[in-house]
Amino acid sequence: MSLVNAKKIRIGGDGNPGSATLYSGELLCTGSNPGFYVGNYSSGQGEFNQYGGQVTTPLTIVGRGNNNTGFYRIEGGTLQTDSLTINNTGTFVWLDDATVKNDSTIVISGGGFERGATAAWAPAEEVRLTNETDAYAYVTAPTTFSGSGQMTQNNGHVVINDLTVTSNYDLTRGLLESQDLYNASQINIGSEGSLTAGTIHGDFNHTSGTLDAGTPNVAAVTGPANDRRVTISGAAMGETTITGDYSMGPDAVLAIDLDPSQPAGFAPSNNDPAYPSVSDKLVVEGSIDLGGTLDLRPTTTEWINGVEFDILDFTLTPENDADSDGELDSKFDWIILPLLGEDGFATIAGDDLMPNPEGVGEGGISTLLRWDLRDLYTTGLIRVVPEPATWAIYGFGLIGFGWFIRRRKSQK
Ligand SMILES: [Ca+2]
Ligand SMILES: [Ca+2]
Ligand SMILES: [Ca+2]
């Protein structure tokens with residue numbers, strides 16, 4: 001394909017599918033209201049593969065209107081555009097040595113945005129995910145949001161393996177996952193936003209929203225040379241490490257997933273009797289200032305007597321144990337404890353007895369279980385243990401789905 005100069009270029013449109021491949025030359029959109037559209041209105045499916053050359057257009061839209069599919073994959077050459085919009089049925093795949101020169105905004109309002117190994121990303125760019133639940137962005141290359149750049153994620157699913165934030169990242173809704181997150185600024189998580197990171201390098205001032213500890217998804221470039229894509233691997237329970245200080249505000253939520261079906265000592269990864277059951281864990285290498293809510297999230301409803309979860313690792317220092325009682329000075333404001341099944345109890349540290357509202361007695365008192373959180377603020381261990389039979393009388397006549405346990409924040 002050689003030079004094409006037109007006001008608007010559409011690949012697919014008005015009910016007719018279309019496809020095109022660019023190896024060299026230039027597609028140039030000029031004139032009034034110029035634009036490059038891949039997939040257009042009225043079931044106009046469009047596919048555009050670029051291996052070289054240049055597309056020059058102020059406006060690029062992938063997936064436009066309803067009932068069409070737009071697919072734009074750039075594996076070489078340059079897309080020079082001021083505005084790249086990926087709509088609900090669009091997919092934009094950006095791989096290898098391709099360059100997207102973008103001086104303003106990439107908007108993802110649905111569909112997906114996949115970025116491969118070495119694609120260039122100018123620091124002054126803004127990327128926004130708008131209010132579509134199925135929007136996604138998978139980015140394998142090291143990525144920095146800095147300077148005048150601003151990331152605003154209003155929804156959707158973003159996986160950026162290696163992310164450096166030196167300006168604000170506003171995660172108002174949706175999910176952000178990053179294997180290595182270098183936080184030199186502020187990540188603002190909204191009440192409906194959730195972050196999962198392998199390692200947060202630096203301090204994390206967790207003011208609101210959810211930190212879901214565990215193993216993040218990782219984006220990878222896969223497939224044959226002529227059809228390479230960015231894919232993500234599945235997540236599993238695991239550790240999140242914060243190399244600096246961690247502080248939680250009253251609206252912050254720390255989510256920990258638990259597998260109650262894995263007894264202590266028989267975790268698949270380590271058949272060691274000293275090894276706890278399978279759960280997420282938060283590891284804080286700096287100082288720790290807890291608050292907000294600990295949300296314990298079981299992955300099944302079957303509880304095994306004796307499960308033990310190591311959900312926190314930290315070092316007691318004069319900074320976080322000023323009264324030297326061997327226990328963190330700061331506590332969670334709230335703990336959401338899962339129910340322990342029909343015959344279980346939930347309790348905290350033996351002083352706030354919480355009978356199981358599902359009722360007791362039918363299964364026999366020998367199976368009663370309760371929570372033991374006595375070591376939460378020393379070793380980070382929580383356990384499910386047998387309940388003394390005499391406590392069974394508290395179980396009758398109550399209903400509910402879980403227990404919210406209020407702890408008074410310790411005096412400082
Ligand atoms: Ca998790
Ligand atoms: Ca621990
Ligand atoms: Ca203390």
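**Exercise 1. A hairpin**

Which residue takes a positive phi in the hairpin of strand 22 and strand 23? Work through the pairing of the two strands before you turn to the residues between them.

*Solution.* Keep in mind throughout that this is a predicted model. Begin with the strands: strand 22 covers residues 219-222 and strand 23 covers residues 229-232, and the two run antiparallel, joined by 4 bridges. Next, look for a pair that belongs to this ladder, and you will find that T222 has R229 in strand 23 as its bridge partner. Finally, turn to the hairpin itself, where 6 residues lie between the strands and G223 takes a positive phi near 100 degrees.

**Exercise 2. Positive phi outside glycine**

Find where N33 and S324 lie, and decide from the number of C-beta neighbours whether each is buried or exposed.

*Solution.* Start with N33, which is not a glycine and yet has a positive phi of about 50 degrees. This residue belongs to the loop between strand 4 (26-29) and strand 5 (35-38). A residue counts as exposed if 12 or fewer other C-beta atoms lie within 10 Å of its own; because N33 has 9 C-beta neighbours inside 10 Å, N33 is exposed.

Then take S324, another residue other than glycine, whose phi is positive and near 55 degrees. S324 is found in the loop between strand 30 (312-313) and strand 31 (334-338), and with 9 other C-beta atoms within 10 Å, S324 is exposed.

**Exercise 3. Order in a sheet**

Explain why strand 29 and strand 34 count as the edges of their sheet.

*Solution.* First write down the order of the 3 strands, which is 29-35-34 in an open sheet with antiparallel pairing. Strand 29 (308-310) and strand 34 (369-372) each have a single partner strand, so each is left with one side that has no neighbour in the sheet. On average, neighbouring strands here are turned by 15 degrees against each other, direction ignored. For a closer look at one pairing, strand 34 and strand 35 (residues 381-386) are antiparallel over 4 bridges, and within strand 35 it is V385 that serves as the bridge partner of R370.

**Exercise 4. The surroundings of R173**

Place R173 in its strand and describe what surrounds this residue.

*Solution.* R173 lies in strand 19, which spans residues 169-183. Because 18 other C-beta atoms lie within 10 Å, R173 is partly exposed. Leaving aside neighbours within four places in sequence, the contacts of R173 are N154, N155, G190, E192 and G193. Of these, N155 is 18 residues away in sequence, while the C-alpha atoms of R173 and N155 are 4.6 Å apart in space.

**Exercise 5. Core and confidence**

Which residues have the most contacts inside the largest nonpolar core, and over which stretches does the pLDDT stay under 50?

*Solution.* The largest nonpolar core has 92 residues, and those with the most contacts inside it are F92, W94, A137, L254 and I256. Strand 25 (residues 246-258) gives the largest share of this core, 8 residues. Beyond four places in sequence, F92 is in contact with V62, Y72, L84, I86 and F113.

For the confidence, note that the mean pLDDT of the chain is 80 and that 78% of its residues reach 70 or more. The value is under 50 over residues 267-271, with 6 contacts beyond four places in sequence in the model, and below 50 again over residues 343-366, with 66 contacts beyond near neighbours in sequence. Where pLDDT is low, the predicted coordinates should not be read in detail.

Note on methods: Residues are numbered from 1 along each chain as its sequence is written. Chains are lettered from A and ligands numbered from 1 in the order in which they are written. This is a predicted model: local features need pLDDT of at least 70, side-chain atom pairs count only at pLDDT 80 or more; totals for chains, interfaces and linings use all residues. Two strands pair if DSSP finds at least two bridges between them. A residue is buried if 20 or more other C-beta atoms lie within 10 Å of its own, exposed if 12 or fewer, and partly exposed in between; C-beta atoms are placed from the backbone. Axes are lines fitted to C-alpha atoms, for helices over the stretch in contact, and angles run from 0 to 180 degrees between N-to-C directions. Two residues are in contact if their C-beta atoms, placed from the backbone, lie within 7 Å. A nonpolar core is a set of buried Ala, Val, Leu, Ile, Met, Phe, Trp, Tyr and Cys residues joined through C-beta atoms within 7 Å. pLDDT is the predictor's confidence in each residue, from 0 to 100.
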